[in-house]
Every structure is written in structure tokens, then in C-alpha cells.
Amino acid sequence: MRELIVITALFFTLQLFGQKYTSEWYNNANGLPQNSVKDIVKDKFGFLWLSTEDGIVRYDGLDFITYKDPHLSNFNFWNFSGNVNDDNIYAYNLQEQQQVTINKRRITVQTPSPEDLNKLGVHRKYDKNDYLLVNKNTVFERSLSRFFIRVSSGVYFIDLKKQTIYLGNKTSQPKIIPVSIDNINDVFVHNNFLFVRDPKNKRVVKIENGNLTTVTANDLIFSPHIKIYWQQLSGQIILINRNTIYTIKYINGTLQSTLLCRLQDTDWPAVSSIYYDEQFKKIYLGTVNKGLRTINLVPFYTPRNSSFTNEIYYTALPFGYHTIINTQGRVYNQHHLVQDLHFSDSKDSYTMISDDSHNFIYVNNNKVYTRYFATNYQTASVRKFGSKVTAVYKDQNKYALTFYNGSSYSLNLYHDSSFQKLYFSIVLSKSINCIRFFSSDQILVGCSDGLYLISISRKTIQKIKSVLLDIKNITSTTDGSFWIISRGKGFYLLKNLQLIKMPDDPQKYLSSLHTILEDQYGYLWIPTNNGLFKVLKRSLTEYAKDRSGKVYYYRYTQNDGFYTNEFNGTGSSSNTVTLKDGNIVLPSMEGYVFFNPSAIPSYYPKAKDFYIERAVLKNSKLVQFKDRLSLDNNFGRAEILIDIPYFANNENLYIEAALQSNSKGMNWDVVKNRKYSIDNLKPGAYTLNIRVLISPTGIFAYKKIGISIHPAFYQTIWFKALITLLCVALIIFFVAVRTKLLTTKNSQLKRIVHHKNNELKTTHNKMRDEEEYQKKLIQTINHDISTPVKYLSIMLRHLPEIDDPKMQKEVFTRLSKSSDELYKFTQNLKNYSELFLIHSEKHQEKYFNINDILEEKKRLFEEIAWQKNSFILNATQGNIKTNINETIISAIIHNVLDNSVKNTADGKVHLCAEESADIITIIISDTGSGIKESLAEYYNALSKDDGNSKYFLKPYGMGLYLVIYLLKKIDGQLYIKTNKSHGTEVVITLKK
């Protein structure tokens with residue numbers, strides 16, 4: 001009966017409604033350079049090209065790229081011509097000054113020759129008349145009265161209301177076509193055939209090579225309200241009848257029309273060009289002054305009723321072949337509200353079931369309502385329970401109610417829909433959101449704190465181990481899998497009583513889903529709070545095996561025909577409906593969404609339809625390349641553009657990239673907005689691998705390009721080699737300098753050591769000399785003082801033997817005198833310290849008299865000589881002054897006189913000093929025993945020796961040795977004369 005209720009309405013619905021659509025406008029505010037879109041064509045590679053009055057524009061479904069070559073005199077372009085299959089599309093700018101050619105996705109500029117213009121230009125002269133090329137029909141051409149049309153076999157020259165002439169390529173003989181053409185809108189071209197519409201006679205003539213044939217056409221083509229838009233380059237014929245758009249195709253001798261869509265607009269702009277993209281189900285309308293309108297033909301339907309203020313729905317049930325019904329009694333098909341049975345206006349009815357008698361049962365205001373099929377659902381019964389009823393369920397022909405008791409929740413199972421024969425009941429502490437029979441004896445119960453498995457026979461409760469989950473829904477698929485839907489944490493596959501988390505989509509919209517529905521093609525459909533997702537069930541079950549691999553979801557949004565991206569759902573099976581006509585129905589925040597899975601396309605790029613040949617460098621500089629991109633080392637940042645003609649939802653375009661600098665494995669990065677950025681790369685060779693998902697099964701198409709980062713001069717191998725050589729040279733130089741420095745330091749150190757050694761030796765010698773000096777000093781003092789002391793001692797020893805007082809007095813006088821002279825001598829002993837200094841000075845500042853020293857020494861030795869009955873005579877005349885070292889001369893005279901006194905008895909000692917111009921001579925002679933001749937010769941030779949002979953080597957006494965040593969200090973000499981009978985004469989010569 002319910003089928004009969006809606007069958008009549010369905011008939012009219014199918015006749016009235018065409019394809020649903022969404023629409024979007026583009027103009028100079030969001031992509032276009034200018035708002036006059038004169039022509040639209042799709043090239044061999046799938047890119048859309050627009051001709052405007054401010055440049056040629058390429059559109060890939062994401063970005064508009066305007067080409068304005070600086071070599072062009074103006075950017076005002078007309079219609080496209082050429083051949084799409086041959087990848088040869090061209091257009092002329094204003095006054096045909098230049099021609100742009102579109103080839104291999106690029107634009108080149110040429111200046112056409114007169115021959116080219118005659119062959120391909122938009123102006124042609126025939127029979128002295130000017131004709132304008134028409135290769136499409138728009139508002140611009142409708143005012144023409146004379147025009148020509150090129151086809152592959154020749155040219156048609158058409159003069160409206162006059163004649164039509166055909167000029168074939170292989171003949172120069174024109175052919176007059178016997179057909180009357182009154183309106184340019186009656187002419188169109190398809191597959192190189194010229195068609196002429198005759199609305200009065202309701203016929204269409206096809207002209208091929210100048211020959212006429214009448215073809216069959218739908219009455220629609222003769223309507224006075226239609227406008228025909230055709231384009232020779234694309235081969236399309238678009239017919240617009242009021243606000244309805246059709247396509248026309250010539251098939252098997254018949255012009256056949258296909259309804260595309262019925263627009264709701266009442267104010268149509270002036271359309272200058274139309275293109276229908278059959279692959280992506282889009283219509284592009286180019287307008288005279290409003291830009292480009294895209295009409296997306298969508299396979300999703302959402303029936304609306306303006307009389308309802310609220311169309312937020314959560315549940316529904318099938319109601320006939322094409323329709324559904326909800327708890328309010330509203331019956332919908334995919335186009336509109338069919339009827340309203342007015343069940344209830346309540347907004348809190350979230351669950352609804354149909355029992356075995358086709359009665360509808362739902363919960364409203366904590367009561368269970370039953371609408372009876374037998375009375376066409378006009379009567380209902382209401383059943384109250386002691387507790388608050390929250391939901392009604394039917395699963396595997398078993399009935400269930402859930403209750404809230406104020407502090408706990410309960411689940412009751414019944415044998416039938418009367419809910420009177422209770423056979424199982426269980427109480428839970430948390431709210432019950434959904435139930436699903438796991439087996440005939442086990443029930444899965446989703447609660448706000450997790451998932452439970454309840455055994456009916458054993459009345460046991462087992463909580464499935466998991467993270468803290470608020471379970472919203474439980475669904476199952478034909479393979480027996482159970483899918484667990486949580487609130488805010490995605491969905492899980494229940495396998496071996498373990499919950500396996502399914503992967504999220506990149507935007508994590510799947511964290512808030514409502515249910516999972518399986519279609520007959522192996523896909524799962526997942527409505528969420530932000531769009532509808534589609535995924536291969538096989539990809540999820542494969543993922544569940546080892547939690548590896550990627551799962552690729554396809555997302556549908558408002559652009560595909562919804563009024564909102566937010567779907568609704570509850571924990572019951574009634575939140576989705578599968579109709580007998582194949583449609584699936586989902587509740588949303590703005591009505592129900594109808595769709596047939598078999599009619600819903602998923603758009604994936606073709607394997608060959610993506611290109612890597614453009615890059616944007618710093619300062620927005622665009623470079624084009626082939627296979628390899630070369631960059632300077634200071635390129636900064638580069639965006640490599642991945643060109644894909646993809647006109648569906650860009651979110652469903654999966655692009656990944658991996659940049660390699662060696663043979664190591666690749667790490668794939670997700671590419672957003674078809675751009676891959678590189679920056680701060682070191683100089684070298686890289687390989688950029690790009691892959692694009694081309695199938696829901698996870699199949700990718702791969703391409704790669706080389707990237708060369710040129711090094712700066714300081715990063716080149718030769719520079720590094722030069723720097724290396726320089727460094728080596730510097731190291732060698734440094735080592736050499738260091739070695740030389742160390743050698744120099746070593747030499748210096750050797751010199752220092754040598755010097756120190758010499759100093760040490762000198763010090764040692766000095767110490768030795770000092771020791772010798774001290775020894776000599778002591779010996780000299782001892783020598784010089786011993787004689788006076790000796791004779792004083794003798795005199796004192798003989799004093800007791802003298803009895804004569806007079807003699808004693810004389811002795812005492814002499815002792816006193818000698819002691820006094822000896823005392824004076826000892827007072828001057830301090831000067832002896834200068835005698836043995838190595839560097840004793842020869843001269844002194846003060847002059848002294850030689851005779852004074854002779855007298856002093858005479859007085860010292862006079863008493864000694866008296867004891868030996870001798871006397872001392874000083875025969876020196878005058879004053880002989882000198883500044884020769886006085887101490888040394890005194891010591892020399894002392895020692896020589898000492899020897900003379902000791903060796904002279906009963907005789908005399910003669911002292912004499914003489915002076916010449918350069919020499920002072922001191923003579924000390926005596927009449928003593930005399931010195932041996934050999935000894936005199938030895939001392940004379942020693943005095944003359946300049947070889948630094950060692951002194952004191954012979955045991956002859958030290959007096960004369962000391963004299964010779966001291967004479968050498970003052971450059972003096974000693975000469976000894978010996979006379980056996982007259983004693984010894986010592987001659988001392990001193991240089992002044």
C-alpha cells in the first residue's frame with residue numbers, strides 16, 4: 001500500500017528533475033585577469049584554456065595562470081582554432097597582429113605571414129566580399145550577415161538570406177548550396193558536418209562536401225526559445241532552452257539531446273562560450289562581463305521543503321521502492337517531500353524500527369509508539385514503562401528496549417514487538433548508546449565508558465579492553481566484521497575481541513563519525529561531522545592485519561551536492577537507509593542526503609596526466625624546464641609546481657614527494673596545493689620523485705626530475721682542491737717556518753748553552769783563578785812579610801844575649817823602627833788584592849814618585865840589612881813620576897829588594913831609578929852571593945815569553961815568579977845580570 005502512496009508522485013518527479021548541481025563564479029577578483037571569457041577549450045592534456053580580453057588563461061582545477069607575453073602588442077584575444085588531438089591550438093589577438101600557439105602545455109608567440117592569415121586567419125575575402133571566420137556560436141557572432149566556416153574538406157562562405165557557397169580543398173570550382181539560411185543561430189558544425197536548422201519546416205539539413213541530407217532531430221531543437229552554442233574545436237553542441245541545458249550529439253543519422261541540468265537562475269548573463277567537461281561532470285559558462293561560472297553536476301540529492309523550519313534529522317526507515325519515512329511521518333524521495341503523515345513534531349526521536357508486520361515503532365517522550373500498517377499508519381498505540389525509555393532496537397529479529405532508572409541503565413530483551421514477553425534483562429552503571437547481537441547468545445553493548453560483551457545464557461558481562469572510549473554506534477558488514485564507532489576517537493575493528501584502531505584521514509575528520517555503511521561494490525561509506533568518506537573495505541582489513549600501510553579515503557563535501565558537511569546519526573540501525581532502488585539515505589543537519597553508490601564517481605588522475613616542468617623562484621620568477629631543474633646556489637627557495645588537470649575536490653588529490661641526494665631510501669612527504677618547496681639545499685645533484693595516487697587501491701603513478709644546485713666558486717671542486725693545495729702549502733710553509741724557527745731557536749739555544757757553558761767555564765776558571773788568586777795572595781803576603789818578621793824574630797831572640805845597655809838601646813830602637821815600618825807595610829797589604837785580578841789596570845789616575853816607593857822599601861828592609869851587616873843605598877836623582885799601577889810596582893820592588901837583602905851579607909844593596917822618554921828603569925843591585933847563571937837565564941827567558949807559560953812550575957821559590965807575573969800585567973820586563981864576584985843586578989824596565 002505504501003508503494004501506491006508515492007508511485008504517482010514519483011512519476012512526475014522523474015520527469016521534472018534533472019541533474020542536481022552546485023555552482024561557483026570566478027572573475028577578476030578571484031583568479032581571472034578580466035571578466036570577458038570569449039572562448040573555452042580543453043587541450044590534449046586535460047588543461048582548460050580561456051580566451052579573454054586581457055590574456056590567455058590556463059586553468060587546472062586549482063589555479064588560474066594568465067599568460068601575457070611581453071612580445072605581444074595587445075592581450076585582447078578572440079576564439080580558439082586548431083586541432084586538439086594534434087596538440088595545436090591557436091588564437092589571434094586584436095587585428096590579428098600576433099598569433100599565440102598552445103602546444104605541449106606552453107604558449108609561443110608568432111607574427112603571422114600574409115599566407116598564414118589567408119589560410120588560417122579570421123578574415124577572408126571571396127568574390128570581392130569580406131567574410132569573418134565563425135568556428136563557434138556566441139552572442140558576438142549573432143549580428144554577422146556574412147561569414148565563413150572551415151571544415152576539413154573545404155570552406156563554406158555564407159551570406160545570410162542570399163547564398164551559401166562551398167569551396168572544396170581539392171577543387172577551385174565553387175559550389176552553390178541550395179539551402180536558405182536566414183539566421184546565424186540556425187547554423188552549427190559537428191564532426192566536420194555543417195548543420196542548418198529550419199524551424200519553420202522542423203527539419204535539420206546536414207551538409208557534407210557540399211551535399212545535403214535531412215537528418216532526424218528532437219522537437220526540442222526547433223523550439224523558438226533555444227540558443228545553440230557550438231564550438232568547432234571541441235566538437236561540442238550545447239543547447240539552452242530557457243534555464244535548461246542539454247548536449248547535442250550526432251549519432252547514427254540522428255541529432256540526440258541529453259539533459260544536463262536545470263538551473264534555478266532566472267536572470268541569465270550574456271553567455272559568450274560554453275564547455276562541458278564530461279569526465280568531471282562540469283559545465284563552464286564564459287560570460288561577456290561577469291567572468292566564468294562553473295556548474296558542478298552532482299550525484300547527491302537533498303530534498304528540502306520550505307514550509308519546514310527545521311529539517312535536522314537523525315533516523316529514517318525505508319518506505320517503498322524510492323522513499324523513506326521518519327518518526328515525524330514525513331515521506332521523502334531524493335527530490336522532495338512526497339507526503340506528510342504527521343506522526344509527531346517531536347525532535348528527540350533518535351531510534352525507529354519496523355516490526356515483522358511492517359508497523360513503525362519509535363520512542364517519543366519516554367514512551368513507545370507503534371504506528372500500524374493496517375490503518376495506513378494513521379492509528380497508533382502508546383506503551384508506558386516504569387522507567388524512562390531511551391531507545392528501541394531490532395536486530396536479528398529480536399527486540400530490545402533501553403531504560404534510564406535515575407542512577408543506572410538497563411537493557412531488556414523481548415520475544416516480539418509487543419514488549420510484553422521479557423526474556424532477559426541486565427543493569428549497567430553507564431548509559432547505553434547502542435547494541436548489536438554478536439551471536440545468538442551474545443550481545444555487544446556500547447556504553448559511555450567502553451564496549452561490553454554480554455552473555456544471555458550466563459548473564460555475564462565482559463568489558464572489551466581498550467583505551468577509554470565513549471561508544472556511539474556498532475555496525476557490521478557482510479564478512480561478519482564488527483565496526484565500533486566512538487565519540488571523538490575514530491573507529492575500530494573488533495577482531496578476536498580486540499579493538500584495532502583504524503587510521504584517521506589527514507584532517508582527522510574521521511574522529512567524529514556517525515556510522516559505517518557497506519555498499520555492494522566493496523566500499524564503506526562513513527558520514528562524519530565534516531563530510532562523507534568512502535574507502536575500500538579491503539584496505540581497512542589489510543591494515544588491521546599488521547597495522548602497516550596507508551589507507552586512502554575519498555571525501556565528499558558540500559561542493560558535491562550537500563547543503564551541509566555535517567551529518568547526523570545515532571546508535572541504531574535506523575540512522576542509515578538502503579532503498580530497493582540502490583539509493584543510500586543519510587540524515588544530516590539540513591535534511592536527508594540521497595545517493596546511489598554506483599553513480600558516485602571518485603576522481604583520480606590518469607597515470608600520464610601529471611607534469612613537472614615549472615618552478616617558481618624567489619621574486620616570483622617562473623622558470624620552465626624539462627627533466628632537470630638547474631638552480632644557482634643562492635636560489636633561496638623554490639616551489640616546484642606539479643601540474644595536474646584535476647577539477648574535483650583538491651583534498652582527494654594525493655601527491656607525495658621524496659627528494660634524494662644519493663641512493664638511500666626515500667621518505668615520502670605529502671604535497672599540498674600541488675607545490676613542493678625546496679630551500680637551503682647544498683650544491684650537488686638531487687632527484688625529486690613525485691607520485692600521484694591514481695586508484696583507490698593505493699596504486700601510484702611515478703615521475704622524477706633531476707635538480708642541480710650549482711655551487712658558488714668557493715664550493716666548486718677545483719676551488720676546494722685549490723684551497724686544499726693552499727692549505728697543504730701553508731702547512732708545509734708553516735712546518736718549514738716552524739722548523740726554521742726551531743732550528744734558529746735550537747741554534748740560539750746552542751749558542752746560549754755554549755755561552756752558558758763558556759760562562760760556566762769562565763766562572764769555573766774564575767773560581768779556579770780566584771782560588772789560585774787567593775793562594776797567590778796568601779803566598780805573596782806570606783812571602784813579603786816573612787822576611788821582616790823573620791829578622792824581627794831573630795833580633796828579639798838575640799836580645800837577651802846583649803848585655804850592653806847601649807847596644808840594647810840601639811837594638812830596641814831598631815826594633816821599634818822595623819816594627820813601625822812593618823806596621824806601615826801591613827797597612828798596605830789590602831792593596832795586594834789588586835795584584836792578582838785578571839783585569840788589573842796598568843795605569844791609575846793618580847801619579848806618584850818612584851823614589852818614594854824606593855825610600856819606603858829601603859826603610860822597611862834597612863834594619864834587616866843592618867842585622868846582616870849590610871846597608872841599602874838609594875842613588876835615585878830627582879823626581880820620577882808615573883801613573884803606572886802603584887801597588888804592582890811596590891810589590892815588584894818589594895820582592896826584588898827582599899831577595900837582594902836576604903842574599904847580601906857584609907855588603908850593600910844599591911837602588912836606582914832612571915827615566916828616559918818612553919821608559920822608566922829601576923835597577924836593584926847587590927854585592928851578595930849572586931844568583932846562579934842558569935836560574936838567571938831561566939827568569940830572563942820567562943820574562944820575555946809571550947806564550948802565557950804556566951808559572952810556579954819549578955821549585956825555585958816564588959819571589960821572581962811573582963815579579964815576572966806582575967811585570968807582564970803592566971807590560972814591563974825583567975833582566976837579571978849575574979856576577980860571581982860582585983853579586984846580582986836586576987834591571988826592571990817599564991813602558992810609560
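In the predicted model, four strands form an open sheet in the order S31-S32-S33-S34, and their pairing is antiparallel. The edges of this sheet are strand S31 (352-354) and strand S34 (380-383), each of which pairs on one side only. Neighbouring strands of the sheet are turned against each other by 20° on average, direction ignored. Three bridges join S31 to strand S32 (residues 360-364) in the antiparallel sense. Within this part of the sheet, Ile 353 has Ile 361 in S32 as its bridge partner.

Helix H3 spans residues 537-546, and its buried residues are Lys 537, Ser 539, Leu 540, Tyr 543 and Ala 544. When H3 is viewed down its axis, these buried residues fall within an arc of 165°, and they therefore line one face of the helix. Lys 545 and Asp 546, by contrast, are exposed and lie on the face of H3 turned away from its buried side. The buried residues of H3 are covered by elements that include six strands: S44 (482-486), S45 (491-495), S46 (498-501), S47 (517-518), S48 (523-528) and S49 (531-536). After H3 comes Arg 547, which has a positive phi, near 55°.

The buried nonpolar residues were also examined as cores. In soluble globular proteins, nonpolar side chains tend to be buried together. The largest nonpolar core of the model contains 83 residues, and Phe 491 and Ile 707 are the residues that touch the most other members. When residues up to four places away in sequence are not counted, Ile 707 touches Arg 628, Leu 629, Leu 631, Ile 640, Leu 659, Ile 678, Gly 684, Ala 685, Tyr 686 and Leu 688. A second core, separate from the largest one, has 45 residues, among them Ile 850, Ile 893, Ala 936 and Tyr 938.

Two of the named members of this second core, Ala 936 and Tyr 938, are also among the buried residues of helix H8. Helix H8 (residues 933-944) consists of twelve residues. From its first C-alpha to its last, H8 reaches 17 Å, which is close to the 16 Å expected at 1.5 Å a residue. Besides Ala 936 and Tyr 938, the buried residues of H8 are Leu 935, Tyr 939, Asn 940, Leu 942 and Ser 943. The packing partners of the buried residues of H8 are helix H9 (959-969) and strand S68 (972-979).

How values were computed. Residues are numbered from 1 along each chain as its sequence is written. This is a predicted model: local features need pLDDT of at least 70, side-chain atom pairs count only at pLDDT 80 or more; totals for chains, interfaces and linings use all residues. Side-chain values use heavy atoms; hydrogens and water are left out. Two strands pair if DSSP finds at least two bridges between them. Helices (H or I, at least four residues) and strands (E, at least two) are DSSP runs, numbered from the N terminus. Axes are lines fitted to C-alpha atoms, for helices over the stretch in contact, and angles run from 0 to 180 degrees between N-to-C directions. Buried means under 20% relative accessible area, exposed over 50%, partly exposed in between (1.4 Å probe, protein chains only). The arc is that of the directions from the helix axis to the C-beta atoms. Contact means heavy atoms within 4.5 Å. A nonpolar core is a set of buried Ala, Val, Leu, Ile, Met, Phe, Trp, Tyr and Cys residues joined through side-chain atoms within 4.5 Å. The expected span of a helix is 1.5 Å times one less than its number of residues.
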